[in-house]
Amino acid sequence: MGLVEKGKLPAPLTKLFNLGRSYSMWVYQWGLACCAIEMGAAFASPRYDVMRLGVIPLPASPRQADFVVISGTVTDKMAPAIKRLYEQMPEPKYVISMGSCANCGGPYWDSYSVTKGVDQIIPVDVYVPGCPPRPEALLEGVVLLQQRIKSEDMAAKWRGEGAQPMSRNERHEELSQGHVPPPAGDTPGGMPQRDPIVVGGGPIE
């Protein structure tokens with residue numbers, strides 16, 4: 001895939017590859033609390049039939065996964081395991097944060113042991129608000145992620161280039177509206193910050 005990394009792939013092939021990737025995605029389920037029940041309903045129930053969207057649950061390991069869904073309360077003790085899981089996934093990789101606890105700490109945000117959102121550990125592509133969100137909301141998040149993949153620059157994605165970090169003034173302005181997580185400069189390791197998708201278009205809480 002050297003042509004992809006160098007950005008020399010013709011536009012029609014890029015569009016074809018992106019279309020194929022968007023409809024052939026292995027999802028790794030990382031359920032930590034009650035939202036995992038709704039995630040299980042979305043991915044395992046014949047009522048929703050997630051495979052009709054081109055999403056295949058239960059890969060053998062993170063090394064075979066294209067994206068991960070983090071659902072439930074992220075604790076400080078669990079944070080290193082989540083980071084390790086993310087690092088084991090091959091590029092290009094994506095993250096969906098499901099539920100208020102994974103998004104910002106939820107009702108436990110002021111606890112000494114709870115991480116204030118999984119975006120403090122790994123970059124998040126899609127936020128699914130709710131406590132808990134319905135399975136339909138998670139499926140909407142998956143569809144929105146697929147739409148992003150169809151139009152993304154494969155070369156930039158595979159090089160790990162995210163959106164440019166915001167200035168502190170821009171950050172405060174965006175956070176006051178409740179739409180954007182902290183930028184890369186304020187996260188451990190200075191990870192690249194992505195422009196997130198919020199299901200429903202509201203605040204991530």
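Reader: Is K83 buried, partly exposed or exposed?
Author: In this predicted model, K83 has a relative accessible area of 36%. Buried residues lie under 20% and exposed ones over 50%. The value for K83 therefore places the residue in the class called partly exposed.

Reader: Which residue meets K83 in a salt bridge?
Author: The partner belongs to helix α4, which spans residues 79–88. Because the two residues are four apart in that helix, about one helical turn separates them. An α-helix has 3.6 residues a turn, so residues three or four places apart point the same way. The N to O distance is 3.7 Å, and the partner of K83 is E87.

Reader: How many salt bridges does a search of the whole structure find?
Author: The side chains of K83 and E87 form a salt bridge. Another joins E136 and R134, at 3.2 Å from N to O; E136 is partly exposed at 35% relative accessibility, while R134 is exposed at 52%. E152 also forms a salt bridge, with R21. Over the whole structure, the number found is three.

Reader: How many residues apart along the chain are E152 and R21?
Author: The closest N and O atoms of this pair are 2.7 Å apart, and both residues are buried. E152 stands in the loop between α6 and α7 (154–158), whereas R21 is in helix α2. The salt bridge thus links distant parts of the chain, with a separation of 131 residues.

Reader: Within what arc do the buried residues of α3 fall?
Author: Helix α3 covers residues 35–44, and its buried residues are C35, M39, A42 and F43. They line one face of the helix, as a view down its axis shows. On the other side, I37 and A44 are exposed. The arc that holds the buried residues is 85°.

Reader: Which helix do the buried residues of α3 pack against?
Author: Their packing partners include the strands β1 (25–31), β2 (55–57), β3 (67–71) and β4 (94–98). In β3, S71 is in contact with C35 and M39, among others. S71 counts as buried, at 0% relative accessibility. The helix among the packing partners of α3 is α6 (135–150).

Reader: Which element gives the largest share of the largest nonpolar core?
Author: This core has 24 residues, and those with the most contacts inside it include F43, V55, I96 and L138. The elements giving two or more residues to the core are β1, α3, β3, β4, β5 (126–128) and α6. The largest share is six residues, and the element that supplies it is α6.

Reader: What distance separates the C-alpha atoms of V50 and L139?
Author: V50 lies in the loop between α3 and β2 and counts as buried at 2% relative accessibility. Leaving out residues up to four places away in sequence, V50 touches A42, F43, V55, P57 and L139. V50 and L139 are 89 residues apart along the chain, yet their C-alpha atoms are separated by 7.6 Å.

Reader: What accessible area do L13, L16, L19 and Y23 have together?
Author: These residues form a nonpolar patch on the surface. One of them, Y23, is found in the loop between α2 (11–22) and β1. Y23 counts as partly exposed, at 42% relative accessibility. Together the members of the patch have an accessible area of about 360 Å².

Methods: Residues numbered from 1 in each chain as written. Predicted model: local features only at pLDDT ≥ 70, side-chain atom pairs only at ≥ 80, totals over all residues. Heavy atoms only, no water. Buried < 20%, exposed > 50% of the residue type's maximum accessible area, 1.4 Å probe, protein only. Arc of directions from axis to C-beta. Contact = heavy atoms within 4.5 Å. Patch = residues over 30% accessible without salt bridge, like charges linked within 9 Å, V, L, I, M, F, W, Y side chains within 5 Å. Areas by Shrake-Rupley, 256 points an atom, 1.4 Å probe, with all protein chains shown as cover. Salt bridge = Lys/Arg side-chain N within 4 Å of Asp/Glu carboxyl O. Core = buried A, V, L, I, M, F, W, Y, C linked by side-chain atoms within 4.5 Å.
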